[in-house]
Amino acid sequence: MKYRDVIRRSIVSFMDGTIPEETAKRKDAGLMYTPEYFDQLEEDMIGTEADKKSKKTKEGKDEA
Amino acid sequence: MKPKMDGPIPGENYTSDVRNYPWHRPPDITDYDQAVEYVVDQISKPQSITTIMSLLEAGFNLTSIVSMLNMVNISNGKYPIDVSILIAGPVARYLQILGKKNDIDVKVGDEGERKFITLEHLKGLAGITEDDGTPETTQEALTAPVSNDQVPSGGLMGVSPGTPSESAPASVQSAMLGYSDDEEEEV
């Protein structure tokens, strides 16, 4: 697998609201840049309701 | 066919000093949030945002742009490759929001799609053309037929026909060769 393909997969999964398992564990410790943060940012910047898809946050790829 | 034997010998890497490469030193940022913040700050600079929005408008997808940003930062030793993979999503999402704000149709990019951002693309977007400070060399000028009258005689270094003769007179030439009529005075 090429670097570009890995980056693409990472982007697609984040857009779907999935974040890596170990990163998700840090949410309680104050992880800032989560899918929810960007949904809120989108709402603030554009003024429209954020994509509902990314609100269905799935924590960890295996759990999905 | 004779096999090529120009590969490195085992242990050759230990003979060169590699500390000068930023990616061989510990990265500046290893934290997820810090790395995202660094790239978001980098993108938010007026010059960067204009370039990135132009790229998105020109049809480049998020995968290409995020890969380019990551490559630059990895090669500068800002963060390691694994962090670059983790932050690709947040960075792309931020770019998507910026694109939506500017009414640009943003695409993630299809699997296997290869669209690399080259210097020529960036020059084209910046409006930098060949005639900006550099002499124009058009394709027509390069492919224009040359008439036989213009072909210099005497080979590649020969003087073109029509060029006034600038050869030195015979006396000067013999003087240059050391055949002078004037004998040096004996001391």
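Start by selecting Q42(B), I43(B) and S44(B) in α1(B), then add S48(B), I49(B) and I52(B) in α2(B): these are the residues through which the two helices meet. Keep in mind as you look that this is a predicted model. Colour the selection by class, and the contact of α1(B) with α2(B) shows three nonpolar residues, three polar ones and no charged ones.

Now widen the selection to the whole helices, residues 32-44 of chain B for α1 and residues 46-57 of chain B for α2. Turn the view until both axes are clear: they come within 5 Å and cross at roughly 85°. That crossing angle is why α1(B) counts as roughly perpendicular to α2(B).

Next, stay with α2(B) alone. How far does α2(B) reach from its first C-alpha to its last? Its 12 residues cover 16 Å, close to the 16 Å expected at 1.5 Å a residue. After α2(B) comes G59(B), so named here for you to click on: its phi is positive, near 105°.

Finally, bring chain A into view. Here 22 residues of chain B are in contact with 22 residues of chain A. Which elements of chain B give two or more residues to the side that touches chain A? Select α1, α3 (62-75) and α4 (81-101) of chain B to see them. Linger on α4(B), which gives the most to this side, with 11 residues. Colouring by class once again, you will find 12 nonpolar, five polar and five charged residues on the side of chain B that touches chain A.

Technical notes: Residues are numbered from 1 along each chain as its sequence is written. Chains are lettered from A and ligands numbered from 1 in the order in which they are written. This is a predicted model: local features need pLDDT of at least 70, side-chain atom pairs count only at pLDDT 80 or more; totals for chains, interfaces and linings use all residues. Axes are lines fitted to C-alpha atoms, for helices over the stretch in contact, and angles run from 0 to 180 degrees between N-to-C directions. Helices (H or I, at least four residues) and strands (E, at least two) are DSSP runs, numbered from the N terminus. Angles under 35 degrees count as roughly parallel, over 145 as roughly antiparallel, 65 to 115 as roughly perpendicular and the rest as oblique. Two residues are in contact if their C-beta atoms, placed from the backbone, lie within 7 Å. Ala, Val, Leu, Ile, Met, Phe, Trp, Tyr, Cys and Pro count as nonpolar, Asp, Glu, Lys and Arg as charged, and the others, Gly among them, as polar. The expected span of a helix is 1.5 Å times one less than its number of residues.
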